[in-house]
Amino acid sequence: MRQWLIGLCVLMGLGNVAQASDALQLGAETYHERCTICHGASGYGDGLLPMYMGNYPNTALVRARSATTIDEIRHVVEVGGSEGGSVHSPPWRDELSAEEIDAVTQLVALLRDDRDAAFALLDETRPPSVANPVEGRVLFKTYCARCHGEQGHGDGRMAKVYQDPPPFPLVYSVMPAAYLTNIISGGGGAVSRSEIMPAFSEQLTETQIQSVILHLYSMRHLRTRQY
Ligand code: HEC
Ligand code: HEC
């Protein structure tokens with residue numbers, strides 16, 4: 001009987017540990033899905049939104065600012081920053097379940113108590129990268145601008161060399177995603193066009209190609225220059 005009890009306690013103990021890490025796991029997943037865009041992939045405050053917009057409030061989570069205790073953290077997550085008064089810091093109480101709010105609260109607390117453990121957990125649970133236009137812009141500058149021009153007008157420095165056909169002025173492109181994917185990954189030859197347009201499947205991952213395509217779409221709003 002006594003042994004059985006001890007066995008039960010051990011099992012329950014183990015159960016608790018497993019439960020705690022389940023909650024943290026859910027917290028990390030929730031974080032990746034909902035918080036990264038502002039707070040950054042690891043909570044350093046380097047999310048895309050603050051990087052993109054000037055004058056954004058500091059979003060670093062690795063060090064406590066006003067929300068210090070676990071209850072204060074949960075409160076900010078529920079109602080938003082500055083008592084719901086900050087337009088930059090959304091409330092989550094209507095979008096996340098109580099379990100998710102609790103879990104992501106624990107994750108934020110872990111970021112502050114044991115940063116290495118939190119980083120390891122975030123790394124482990126990070127979903128495969130998704131395409132984003134900011135990365136696309138950087139890639140475009142690196143791989144495409146020399147022919148197509150920084151703004152996509154077809155006037156890169158190598159456009160002097162390649163004139164038959166010239167690099168397409170991408171601001172005027174109307175091609176859909178599937179076509180863009182094919183010509184960028186397989187080169188002009190893959191779509192019966194000039195092989196001067198190189199293939200990038202070796203240099204760029206599929207996600208990076210999708211990022212470049214997002215940037216190509218945003219360039220289509222820049223059809224301002226007269227020819
Ligand atoms: C749209 C951007 C945005 C998103 C998305 C966002 N936050 Fe925030 N968060 C902020 C900003 C901005 C602040 C700082 C608020 C202020 O200074 O008024 C903040 C503050 C906080 C704070 C208080 C930090 C402190 O020490 O005072 C916590 C905790 C927090 N956020 C957690 C989260 C969690 C968890 C998520 C995801 C479920 C999340 N936030 C999603 C923008 C965001
Ligand atoms: C060495 C020069 C060169 C480089 C570098 C280059 N291109 Fe091109 N690209 C061309 C040329 C030339 C064409 C026109 C091919 C034709 O019309 O047959 C073209 C055509 C295209 C088209 C077709 C547009 C349309 O609507 O028909 C797209 C899209 C494109 N390039 C995207 C890119 C992207 C994205 C990169 C960088 C990842 C890139 N190109 C790098 C030369 C280049």
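# Notebook: ligand shells, helices and cores

**Entry 1, ligand 2.** I began with ligand 2 and listed the 24 residues around it, of which C144, C147, S173, R193 and M197 come nearest. I then asked which elements give two or more residues to this shell, and found α9 (145–148) and α10 (177–186). Sorted by class, the shell around ligand 2 holds 18 nonpolar, four polar and two charged residues. I note here that I am working with a predicted model.

**Entry 2, ligand 1.** I repeated the lookup for ligand 1, which has 26 residues around it, with C35, C38, G81, S86 and S89 coming nearest. The elements that give two or more residues to the shell around ligand 1 are α1 (2–34), α2 (36–39), α4 (70–79), α5 (81–84) and α6 (98–113). By class I recorded 15 nonpolar, nine polar and two charged residues in the shell around ligand 1.

**Entry 3, the chain as a whole.** I next looked at the secondary structure of the protein chain, which comes to eleven helices and zero strands. Of the 227 residues in the protein chain, 22% are buried. I also checked the contacts between residues at least 6 apart in sequence, and 51% of these join residues at least 24 apart.

**Entry 4, the largest nonpolar core.** Which residues of the largest nonpolar core touch the most other members? Among its 19 residues, I found V104, L107 and V108 in that position. At least two residues of this core come from each of α1, α4, α6 and α7 (115–125), and α6 gives the most, with seven residues. I followed L107 further and, leaving aside residues up to four places away in sequence, found that L107 touches L24, G27, A28, Y31 and A118. Apart from this core lies another, of eleven residues, among them L170, M197, L216 and M219. M197 also appears among the residues that come nearest to ligand 2.

**Entry 5, D22.** I looked up D22, which is found in helix α1, and asked whether D22 is buried or exposed. D22 counts as exposed because it has 11 C-beta neighbours inside 10 Å, and the cut-off for that class is 12 or fewer. I also noted that the C-alpha atoms of D22 and A103 are separated by 8.7 Å, although these residues are 81 residues apart along the chain.

**Entry 6, helix α7.** I listed the buried residues of α7 as A118, L121 and L122. These residues cover an arc of only 100 degrees around the axis, and therefore lie on the same side of α7. The face turned away from the buried side of α7 carries the exposed residues D116, A120, D123 and E124. I set beside this the general point that an α-helix has 3.6 residues a turn, so residues three or four places apart point the same way. A118 is also one of the residues that L107 touches.

**Entry 7, N132.** I moved on to N132, which lies in the loop between α7 and α8. N132 counts as partly exposed because it has 15 C-beta neighbours inside 10 Å. Not counting residues up to four places away in sequence, N132 touches L48, S211 and L214. For L214 I checked the separation from N132, and the C-alpha atoms of the two are 6.8 Å from each other, with the residues 82 residues apart along the chain.

**Entry 8, helix α8.** In helix α8 (residues 133–143) I found P133, G136 and F140 buried. Why do they fall on the same side of α8? They do so because they cover an arc of only 45 degrees around the axis. K141 and T142, on the other side of α8, are exposed. The cover over the buried residues of α8 includes α9 and α11 (206–219).

**Entry 9, helix α11.** I checked the length of α11, whose 14 residues should span 20 Å at 1.5 Å a residue, and the end C-alpha atoms of α11 are 20 Å apart, which agrees. Its buried residues are Q210, S211, V212, I213, H215, L216 and M219. I noted that the cover over the buried residues of α11 includes α8 and α10. Of these buried residues, S211 is one that N132 touches, and L216 and M219 are among the members of the core of eleven residues.

Key: Residues are numbered from 1 along each chain as its sequence is written. Chains are lettered from A and ligands numbered from 1 in the order in which they are written. This is a predicted model: local features need pLDDT of at least 70, side-chain atom pairs count only at pLDDT 80 or more; totals for chains, interfaces and linings use all residues. A residue is near a molecule or strand if its C-beta atom, placed from the backbone, lies within 6 Å of it. Helices (H or I, at least four residues) and strands (E, at least two) are DSSP runs, numbered from the N terminus. Ala, Val, Leu, Ile, Met, Phe, Trp, Tyr, Cys and Pro count as nonpolar, Asp, Glu, Lys and Arg as charged, and the others, Gly among them, as polar. A residue is buried if 20 or more other C-beta atoms lie within 10 Å of its own, exposed if 12 or fewer, and partly exposed in between; C-beta atoms are placed from the backbone. Two residues are in contact if their C-beta atoms, placed from the backbone, lie within 7 Å. The arc is that of the directions from the helix axis to the C-beta atoms. A nonpolar core is a set of buried Ala, Val, Leu, Ile, Met, Phe, Trp, Tyr and Cys residues joined through C-beta atoms within 7 Å. The expected span of a helix is 1.5 Å times one less than its number of residues.
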